[in-house]
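Biologist: Hey, can you pull up the model so we can walk through it together? I'm new to this, so plain words please.
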Amino acid sequence: MVAKKIRIQPLLAAGLSTALTITLSACGHSSADAADLLQRVKESGTLRVAQTQANPPWNFLDGGKPAGYDVDVANELAKRLGIAKVEFVASNYQSFIAGVQAGRFDAVVAGQTITPERAKQVDFSRPYEVNGISIFVADANSDITGLTDLQGKKIAVTAGTTQAAFAKKSIADADIKTYDNATLGLTEVARGRADAVLASRFQGAFLAAKNNLKVKAAGPLLESEVNGISFAKGSASFKQAVDKALNDMIADGTLTAISRKWLGGLDMTQELAKVPAS
């Protein structure tokens, strides 16, 4: 077959060139928007925040509406960033990072522990809360008082949490059972279907009292956790604005008021002051 020369008319060529330029410009604009998270959420007027909505006193549903420490922090943060609305999105620890990366939400304000592995995948704000892992056992249980007593026992944890990772790493021969939230794990312990649960000291005490579960904290904290707000990797301007807002909330007493409201009188700013500067 003999190839024929095809001559593109000048007008058509110009049109194709213009279309190509528009397409490339649009792609470039889209990439810039994706990178500038702060600009995008301000323009949309909505900050989409992921939480489990099943993690009291940090975040949970009260009469069908989001409530708790993390909810108040997220609302105050949006106000200081000049964003009119917060849309709370139900998710879980196993899906937080993938959801941020896929753009299903803008940030996670849910007591997500800052770890080196997570920091490779998402960016974190400065710490905004400190937590700690406790062992909870049935009230009548006097055999478990520390980490070594958990070997070979049936341990309940919430799926995707640092408590779950800690149990797998630190407890030899344990039968580790995962649940969607800490209430389920505590209930299993109270009913004798698990020997212990690893959970936040604050959360475990709150849930035990709220649900009249006959469980108690046993022994000292196993490990302290420093938690941050996570968002898409490379969101430098968003991180700068969030960190400033959190620092201002600490300085003017707002975070103290929020924490005392939800954490049994605890002043979270005092706990944060103990965290070594990164």
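Biologist: How do S2 and S3 pair, parallel or antiparallel?
Modeller: Antiparallel: S2 and S3, which covers residues 59-62, are joined over two bridges. Keep in mind that this is a predicted model.

Biologist: Okay, and which residue stands opposite Asn59 in S3?
Modeller: That's Asn55.

Biologist: What order do the strands of that open sheet come in?
Modeller: The order is S2-S3-S4, three strands with antiparallel pairing. S2 and S4 (65-67) are the edge strands, each pairing on one side only.

Biologist: What about the peptide bond from Pro56 to Pro57, cis or trans?
Modeller: Cis, with omega near 5°. Pro57 sits in the loop between S2 and S3.

Biologist: New topic. Which residues of helix H8 are buried?
Modeller: H8 runs over residues 201-210, and its buried residues are Gln203, Gly204, Leu207 and Ala208.

Biologist: Why do they line one face of the helix?
Modeller: Looking down the axis of H8, the buried residues fall within an arc of 125°, so they line one face. The general idea is that an α-helix has 3.6 residues a turn, so residues three or four places apart point the same way.

Biologist: And what's exposed on the other side of H8?
Modeller: Ala209 and Lys210 are exposed there.

Biologist: What do the buried residues of H8 pack against?
Modeller: Quite a list: strands S2 (54-55), S8 (129-138), S11 (196-200) and S12 (215-231), plus helix H7 (182-190). So S2 turns up again, as one of the partners packed against H8.

Biologist: Which residue caps the N-terminal end of H8?
Modeller: Ser200 does. One of its side-chain oxygens lies 3.2 Å from the backbone nitrogen of Phe202.

Biologist: And what follows H8?
Modeller: Asn212, which has a positive phi near 55° although it is not a glycine. You'll find Asn212 in the loop between H8 and S12.

Biologist: Is Asn212 buried or exposed?
Modeller: Exposed, at 57% relative accessibility; the cut-off for exposed is over 50%.

Biologist: Which other residue, not a glycine, has a positive phi near 55°?
Modeller: Asp173. Its place is the loop between H6 and S10, and Asp173 is exposed too, with a relative accessible area of 72%.

Biologist: Let's stay around there. How many bridges pair S9 with S10?
Modeller: Five, in the parallel sense, with S10 spanning residues 175-179. Val157 stands opposite Thr178 in S10. Between the two strands the chain goes from S9 through H6 (residues 162-170) to S10, in a right-handed β-α-β crossover.

Biologist: How many of the five residues in S9 are buried?
Modeller: Four, so to speak a mostly covered strand, at residues 154-158.

Biologist: How do S9 and S11 run, parallel or antiparallel?
Modeller: Parallel, joined by two bridges. In that pair, Ala156 stands opposite Val197 in S11.

Biologist: Jumping to helix H2: which residues are buried?
Modeller: Leu37, Leu38 and Val41, in a helix that covers residues 37-44. Those buried residues span an arc of only 100° around the axis, which puts them on the same side of H2.

Biologist: And what comes after H2?
Modeller: Gly45, which has a positive phi near 80°.

Biologist: One more residue. Where does Asp123 lie?
Modeller: In strand S7, residues 123-124.

Biologist: Buried or exposed? I mean Asp123.
Modeller: Buried, because its relative accessible area is 16%, and buried means under 20%.

Biologist: Which side chain does the Asp123 side chain make a polar contact with?
Modeller: Lys233, at 3.3 Å. Also, a polar atom of the Asp123 side chain lies 3.4 Å from the backbone nitrogen of Ser235. Further contacts of Asp123 include Ile229, Phe231 and Gly234.

Biologist: Last bit, zooming out. How many helices and strands does the chain have?
Modeller: 11 helices and 12 strands. Buried residues make up 46% of the 278 residues.

Biologist: And how much area does the chain expose?
Modeller: About 14100 Å², with carbon and sulfur atoms supplying 54% of that.

Note on methods. Residues are numbered from 1 along each chain as its sequence is written. This is a predicted model: local features need pLDDT of at least 70, side-chain atom pairs count only at pLDDT 80 or more; totals for chains, interfaces and linings use all residues. Side-chain values use heavy atoms; hydrogens and water are left out. Buried means under 20% relative accessible area, exposed over 50%, partly exposed in between (1.4 Å probe, protein chains only). Accessible areas come from the Shrake-Rupley method with a 1.4 Å probe; for residues, only the protein chains shown count as cover. The arc is that of the directions from the helix axis to the C-beta atoms. Contact means heavy atoms within 4.5 Å. A polar contact is a pair of N or O atoms within 3.5 Å; within protein, one must be able to donate a hydrogen and the other to accept it, and residues adjacent in sequence count only if both atoms are side-chain atoms. Two strands pair if DSSP finds at least two bridges between them. A crossover is right-handed if, with the strands pointing away from the viewer, the path from the first strand over the helix to the second runs clockwise.
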